[in-house]
Amino acid sequence: MFVDAHAHLSDAKYGGEIDEIVNKYRKAGVGAVVNSGYDEESSVKAVELSEKYEDMYFTVGVHPDEASSFTDKTEKLIKTLAGKKKCLGIGEAGFDFHWNKSPEDLQEKAFEKQLETASELNLPIVIHSREATKKTLDFLKERKELLKSGFLMHCFGESEEIAREYVELGAYFSFGGVITFKNAKKEGVLSVVPFDRILTETDCPYLSPEPYRGSVNEPSRIPIIAKKIADVKGVDLKEAENIIETNFKRFYRI
Ligand code: NI
């Protein structure tokens, strides 16, 4: 089966009407979707979706854009939701200096707390890093002991050199629609990352792959991303599908 390691079907863009989207991705051969929380509300919604659809799982967390909203109450909520069936991890958490929607010190605090929670609960963590290359890498290097349950660099978009550092740190990497964009030049990075550390994601509703770039994304487009990975790795699509499924189950411990 194909897998979507990082999605947001809880997003308001879907208006809560996702039966059709679910049917579509099932038909496309996608057998598991992980909805990642990005604030309190979306985390709660991700849990609800996992209760409604057997092939949906979730992670709970607060995106760096929303770090200003992270309080002790949020930390408690994350821990409570993490105890639910079908919780596969913490996140997405990290740094985002593109929009700077939350000040750096609060992004740091929210990220640190979530890393601690992941470590404490023995769960992997999904990490978001945008325009924060050095900050994220240094931050994680200094906190290696909190990463023992695994971490996923989602929508990985860094250089080959940085990819090598993350491989060394033990990261898993998920790739989305961006690798299909013209001029994306992701072949080098995909070559540097060992195949057994690679997952596929949509990050839907964002980042639709070509030829759907610019439209609302959905998990049925995962095979397009897997095909790109298969081509770079020099295997056929079925083999890539199987390898990525195995990686997904190993990382999220399903
Ligand atoms: Ni995301």
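Colleague: What is the site of the nickel ion like, going by the angles among its four donor atoms?
Modeller: It's irregular, with angles of 83 to 167°. That's the label for anything that isn't tetrahedral (four donors, all angles between 85 and 135 degrees), square planar (four) or octahedral (six), where the last two need opposite donors over 155 degrees apart and all others between 65 and 115. Keep in mind this is a predicted model: local features need pLDDT of at least 70 and side-chain atom pairs 80 or more, while totals for chains, interfaces and linings use all residues. Residues are numbered from 1 along each chain as its sequence is written, and side-chain values use heavy atoms, without hydrogens and water.

Colleague: Which residues coordinate the nickel ion?
Modeller: H6 and H8, each through NE2, plus E92 (OE) and D203 (OD), at 2.1 to 2.3 Å. Donors are N, O and S atoms within 2.8 Å of the metal (3.2 Å for Na, K and Ca), and with water not among the atoms, sites may look incomplete.

Colleague: How are the donor residues spaced in sequence?
Modeller: As H-x1-H-x83-E-x110-D.

Colleague: Why does H6 count as buried or exposed?
Modeller: H6 counts as buried because its relative accessibility is 0%. Buried means under 20% relative accessible area, exposed over 50%, partly exposed in between (1.4 Å probe, protein chains only). H8 is buried too, at 2%.

Colleague: New topic: which way do the residues of strand β7 point?
Modeller: Y172 and S174 point one way, F173 and F175 the other, and all are buried. Strands (E, at least two residues) and helices (H or I, at least four) are DSSP runs, numbered from the N terminus.

Colleague: And what stands opposite Y172 of β7?
Modeller: L152 does.

Conventions
Pairing = 2+ DSSP bridges.
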